[in-house]
Amino acid sequence: MSQKIKAPNEKGAGGFLWGVVAIIVIAAVVIAFVVWKGSSKNADALAIGQDDVDFSVTAQDNKVTLKSDKVAKDAPVVDIYEDFSCPHCADLVTADNEDIKQAVSDGKMTVNLHFLNFLDGGKPGSSTRAAAVATVLAENNPKAFWNMHAKAFLDQDEVARQWGWEQFADSLKDYNLDDSVINSIRDGSVQKKGKDVAAANTEELKQKAGKVSAPVVYADGKEVQLKRGENGKPSSWVSDVVKD
């Protein structure tokens, strides 16, 4: 004796329909959760931090100067040459970033940052892009500059080497910057600023050291011999330079 299979719309097939609906609802919830998690992850990845700074940040003569209004008259002036794509520069920032912030805030030294782009290989790339963004931020917002500079080096593989103009612009949305500044980053029109700054610093370093490499640190015009820690990476030089 054969048994007739009921169509889904026949009486008694309600359970089947509700089962299909339940599966669709569950799938929609799962997809929405995955999308939300992805959006949250992307937002976190673009966050550059909100650490406050207790010193001025100015961009002039192809360098960015960090200086406290209470700096001692005999405080050393430090010049750092760095390339945003340089792994050794990232290692040094990892070692000295907080020490620099504290020493400058305390008025124990003034720091000039000189951006290079020799790792771009002669054409605008990640080094030029980060140098341009850093310079325009130094001209407009000390806090944004400090946090962008730290983010670019401390998360170098993801930020300095990978972010495009759009991502840099999006990362600055919480800094209340003028729209013209954000737009100049987003459309890449600040690129020439990065090229010009890096070109000038390249020539300056050639005159000082006879070659271009990074990182290089000078204190009152004399090169600081960078030390290495047990891990073989550069260690902080700040305590060797500042005066108690």
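Author: Helices and strands are DSSP runs, a helix being H or I over at least four residues and a strand E over at least two, numbered from the N terminus. By that rule P215 falls in the loop between α7 (191-209) and β5 (216-219), and the peptide bond joining A214 and P215 is cis, with omega about 0°. This is a predicted model, in which local features need pLDDT of at least 70 and side-chain atom pairs count only at pLDDT 80 or more, while totals for chains, interfaces and linings use all residues. Residues are numbered from 1 along each chain as its sequence is written, and side-chain values use heavy atoms, with hydrogens and water left out.

Reader: How many helices and strands does that rule give in the protein chain, and in what order do they run?

Author: The protein chain has 8 helices and 6 strands, and from the N terminus on the order is α-β-β-β-α-β-α-α-α-α-α-β-β-α.

Reader: What is the pLDDT over residues 32-45, and how many contacts beyond four places in sequence does the model have for them?

Author: pLDDT is the predictor's confidence in each residue, on a scale from 0 to 100. Over residues 32-45 it stays under 50, and the model has 2 contacts for them beyond four places in sequence, a contact being heavy atoms within 4.5 Å. Where pLDDT is low, the predicted coordinates should not be read in detail. For the protein chain, the mean is 89, and 82% of the residues reach 70 or more.

Reader: Why is F115 called buried?

Author: Buried means a relative accessible area under 20%, exposed means over 50%, and partly exposed lies in between, with a 1.4 Å probe and protein chains only. F115 has 1%, and therefore counts as buried. F115 belongs to strand β4 (residues 110-116), and beyond four places in sequence its contacts include V64, F84, A131, F145 and V197. Its C-alpha atom is 8.4 Å from that of I80, although the two are 35 residues apart in sequence.

Reader: Why are D61 and D220 called exposed, whereas G164 is called partly exposed?

Author: D61 has a relative accessible area of 55% and D220 has 52%, so each is over the 50% cut-off and counts as exposed. G164, at 21%, lies between the two cut-offs and is therefore partly exposed. D61 sits in the loop between β1 (56-60) and β2 (63-67) and has a positive phi of about 55° although it is not a glycine. D220 lies in the loop between β5 and β6 (222-223), and its phi, near 50°, is also positive.

Reader: What makes C86 and C89 buried, and how many disulfides does the structure hold?

Author: C86 has 3% relative accessibility and so counts as buried, as does C89 at 1%. A disulfide is a pair of cysteine sulfur atoms within 2.5 Å, and the structure holds 0 of them.

Reader: Which residues of α2 and α4 meet, and how do they divide into nonpolar, polar and charged?

Author: Among those that meet are C89, V93 and I100 in α2, and W146, A150 and F153 in α4. The residues of this contact divide into 8 nonpolar, 3 polar and 1 charged, where Ala, Val, Leu, Ile, Met, Phe, Trp, Tyr, Cys and Pro count as nonpolar, Asp, Glu, Lys and Arg as charged, and the others, Gly among them, as polar.
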